[in-house]
Amino acid sequence: MPSNKSVSDAPIVQFTNCRILRDHQLQREDLWVREGKILNPEKLFFDEKGSADVQLDCKDSIIAPGFIDVQINGGFGVDFSLATDDFKSGIDLVSQKILSHGVTSFCPTLVTSPPSVYHQVLPQISVRNGGAHGAGILGAHLEGPFISKEKKGAHPEHCLRTFEAGAFQDLLATYGSLDCVQIVTLAPEMRRSSEVIQELTKRGICVSLGHSVANLSQAEEAVQHGATFITHLFNAMLPFHHRDPGIVGLLTSDKIPAGRRVFYGMISDGIHTNPAALRIAHRAHPKGLVLVTDAIAGMGLAPGRHTLGQQVVEIDGLNTYIAGTKTLSGSVATMDTCVRHFQEATGCSVETALEAASLHPAQLLGIEHKKGTLNYDSDADFLMLNDSLYVQATYIAGEEVWRQDASGM
């Protein structure tokens, strides 16, 4: 039946026989899509007297919002912290390949690097919509170099920096530009970090606390100045101590400004965080948990030596170390693997596991009105999954961009 052409000539697609994740629950209803947006069927029926042009049987699949990865350093041999002549083709490759992991939007992440790398790489990253070419780019995540020497993790010490007389101007000079930057990870105990946090927040950039030896009051002060995120909770920060729980204490702090939520990233790969620690964090503050892969260039490649910015890393199974050490350096887990491991480790609901990789990162970045949900008028970026949470198909703007059984994908 033709739809009401006076409203729009675009075809209306109706996805039937599915369970949709909406309002924190899997609901047995149809999903309606037109012009890349989720449609309200009631408006369609009553206001437009329209109906579907195409019906697709989802064969009882789960339909969930596309995953959003706010911390990914590369993959498939591509390292976002390496300034190369073909950087653009590298980012295109990763954005295409992660569609099969259910990722529809991401923040390419740069680890601590010399200023020359930021100056070369950042102008080559542009915010863009996703599509058949790959996942959308939400902006860069700059992890360092304004971090603690004691908690540098896999970050090269000779590239670490502090805020000098210029504070925010030092940061600008280091990065060269903040045009495409979405998140900055810094250590809040550094002198003059408060003014930097305030200035970044004023510009709409999310400030994350990480690679830090901050105590709880320093972390709380950073949140009061605008910080909203914690980079890979438990990793590269002081361990929880009952007299001063450090950054981890933000999960249950009573000093968070009213109406503000602190989010925290977790690498749920079974390597970076013990399942018991994952359960503790999730039970303490479930609405703040954001699943991140922290994936490096070696994701999707065979074990062996690969890079992470200025460092050489060694992959052994799911473990990734700085070569010759036992220092963990990013992950090779995919986002769909992290979602499944999180659900298994915590025993949480399917809905909760899916929202930790979609709704929560969207809320963190303030884009939940268009991404991370299947609410009416939001972007039709969604996944079809089976009951075991394996991705069967990925859609961006209502178009199928990857399918499990498609040949050559």
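**Close-up views of a predicted model**

**View 1. Packing of helix H6 in the predicted model.** The buried residues of helix H6 pack against two elements, helix H5 (193–202) and strand E13 (206–209). Helix H6 itself comprises residues 216–224, and its buried positions are Leu-216, Ala-219, Glu-220, Ala-222 and Val-223. These residues lie on the same side of H6 because they cover an arc of only 155° around the axis. After H6 comes Gly-226, which has a positive phi, near 130°.

**View 2. The annotated positions Glu-143, His-211 and His-232.** An unreviewed UniProt entry assigns the feature "binding site" to Glu-143, His-211 and His-232. Although these residues span 90 residues in sequence, no two of their C-alpha atoms are more than 10.9 Å apart, so they gather at one spot. The side chains of His-211 and His-232 are joined by a polar contact of 3.4 Å.

**View 3. Surroundings of Glu-143 in strand E11.** Strand E11 covers residues 140–143 and contains Glu-143. With a relative accessible area of 2%, Glu-143 is buried, the cut-off for this class being under 20%. Apart from its neighbours within four places in sequence, Glu-143 is in contact with residues including Gln-71, Asn-73, Thr-109, His-155, Thr-185 and Asp-294. Its contacts also include both of the other annotated positions, His-211 and His-232.

**View 4. Surroundings of His-211 in the loop between E13 and H6.** Is His-211 buried or exposed? At a relative accessible area of 4%, His-211 is buried. Residues up to four places away in sequence are not counted among its contacts, which include Ile-147, Ser-148, Lys-151, Lys-152, Gly-153, Ala-187 and Ala-236. His-211 also touches Glu-143, His-155 and His-232. Of these, His-155 is likewise in contact with Glu-143.

**View 5. Ile-296 in the loop between strands E16 and E17.** Strand E16 (289–291) and strand E17 (304–308) are linked by the loop that holds Ile-296. Which class of accessibility applies to Ile-296? Ile-296 counts as buried because its relative accessibility is 0%. Leaving aside neighbours within four places in sequence, the contacts of Ile-296 include Asn-73, Gly-74 and Gly-75, together with Leu-308, Val-313 and Thr-320. Ser-329, Gly-330, Ser-331 and Val-332 are also in contact with Ile-296. Asn-73 is in contact with Glu-143 as well. The C-alpha atoms of Ile-296 and Thr-109 are separated by 9.5 Å, while the two residues are 187 residues apart along the chain. Thr-109 is itself among the contacts of Glu-143.

Definitions and conventions
Residues numbered from 1 in each chain as written. Predicted model: local features only at pLDDT ≥ 70, side-chain atom pairs only at ≥ 80, totals over all residues. Heavy atoms only, no water. Buried < 20%, exposed > 50% of the residue type's maximum accessible area, 1.4 Å probe, protein only. Helix = DSSP H or I, 4+ residues; strand = E, 2+ residues; numbered from the N terminus. Arc of directions from axis to C-beta. Contact = heavy atoms within 4.5 Å. UniProt positions renumbered as here; feature names shortened; annotations may be inferred. Polar contact = N/O pair within 3.5 Å; in protein donor to acceptor, adjacent residues only side chain to side chain.
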